[in-house]
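Here are my notes on the model you sent over. Have it open beside you as you go through the points.

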Amino acid sequence: MSAQTETHAPSLPASGTYTEGRHAEDDAPRIVPVRRTGQWAAAVAVLLLLAGALSSVVRNDAFQWDVVGTYLTTESVLRGLGLTLWLTGLVMVLGFTLGTLLAVARLSGNRVLQAVSWGYIWLFRSTPILVQLLFWFNIGALYPTILGVDTVNLLGPVAVAVIGLTLHEAAYAAEVVRGGILSVERGQLEAAQSLGLRPWRRFRRIVLPQAMRSIVPPAGNMLIGTLKGTSIVSIIAVQDLLYSVQLVYHRTYEVIPLLLVATLWYVGVTSLLSIGQYYVERHYARGTAGAR
């Protein structure tokens, strides 16, 4: 018998699979990042313009930066800054207190309270703040006596500023608080009622914490706006930050550097308030999709 020769199929090299995979990868389309030449060119152009503007401000002798440094921390300027901060804080507290009452009145079921609240908000939002301040400053000419009290010299400039700014701020604060309350889902209130919570407890524990998510952002903007808006009280001789620098440059005729002093203080304080607003917003946004 002749020996039978077994034939076997030729085996592929061990690297065959790798070679085929490599060829497949080479044939696959490559993802090439989009060239953003226009965006980079625009960014470079903007940076160059900003650098040129900053250089012109720093190197321009007309700004008199040495004078700015001299008056930046003088006693009169710091005293005016302190009055501005005090006025801003007091007006915000009083304005939001009155505004909250107005918002609750407008959301109540009492038609009279709704009408009075709506009328107040309409009137004070429709009248320029400067006109309101001038009216309060001349209240003695309109009503020389109220309930037997002489009003001619009753209100000083600071009292007029507090009253005028507070009444004006309350009209806007009322709408901010009302919008925040309306942002709370109706189901939350119904659940609180089913638990037997009293109205004040429902408002304090259920409504207000959720409403603060919508109240804080516009309230922070109002705070910054009020800080800058207090400069208008200089028209009735309240010695705030702006009026303090005005007193100096009326004496020295260094208008530009003194205005820069006020500008730097306003920018610094508003920047700090913006940082605080960010952290307050993040605190009340905890547990939401918008939390940062």
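1. Start with the outside: Val131, Phe135, Leu142, Tyr143, Ile146 and Leu147 make a nonpolar surface patch of about 650 Å². Patch members have over 30% relative accessible area and no salt bridge; nonpolar side chains (Val, Leu, Ile, Met, Phe, Trp, Tyr) are joined within 5 Å, like charges within 9 Å. A salt bridge here is a side-chain nitrogen of Lys or Arg within 4 Å of a carboxyl oxygen of Asp or Glu. Areas are Shrake-Rupley values with a 1.4 Å probe, and for residues only the protein chains shown count as cover.

2. Keep in mind that this is a predicted model: local features need pLDDT of at least 70, side-chain atom pairs count only at pLDDT 80 or more, and totals for chains, interfaces and linings use all residues. Residues are numbered from 1 along each chain as its sequence is written, and side-chain values use heavy atoms, with hydrogens and water left out.

3. One patch member, Leu142, sits in helix α7 (residues 139–142). Helices are DSSP runs (H or I, at least four residues), numbered from the N terminus. Leu142 is partly exposed at 47% relative accessible area (buried is under 20%, exposed over 50%, partly exposed in between).

4. Now the inside. The largest nonpolar core has 17 residues, and Tyr71, Leu241, Val245, Leu258 and Val261 have the most contacts inside it. Two or more residues each come from α3 (65–71), α4 (75–107), α11 (241–252) and α12 (255–284), with α12 giving the largest share, six. A core joins buried Ala, Val, Leu, Ile, Met, Phe, Trp, Tyr and Cys residues through side-chain atoms within 4.5 Å.

5. What does Tyr71 touch, leaving aside neighbours within four places in sequence? Its contacts (heavy atoms within 4.5 Å) are Val77, Val248, Thr252, Glu254, Leu258 and Val261. A second, separate core of 16 residues includes Val177, Ile181, Met212 and Ala219.

6. Thr226, in helix α10 (residues 199–229), is buried at 7% relative accessible area. Not counting residues up to four places away in sequence, Thr226 touches Thr88, Val91, Met92 and Glu169.

7. Two backbone oddities: most residues other than glycine have a negative phi. Ala237 has a positive phi of about 65° and lies in the loop between α10 and α11. Tyr253 also has a positive phi of about 65°, in the loop between α11 and α12. Ala237 is partly exposed at 39%, whereas Tyr253 is exposed at 69%.

Key. Buried < 20%, exposed > 50% of the residue type's maximum accessible area, 1.4 Å probe, protein only.
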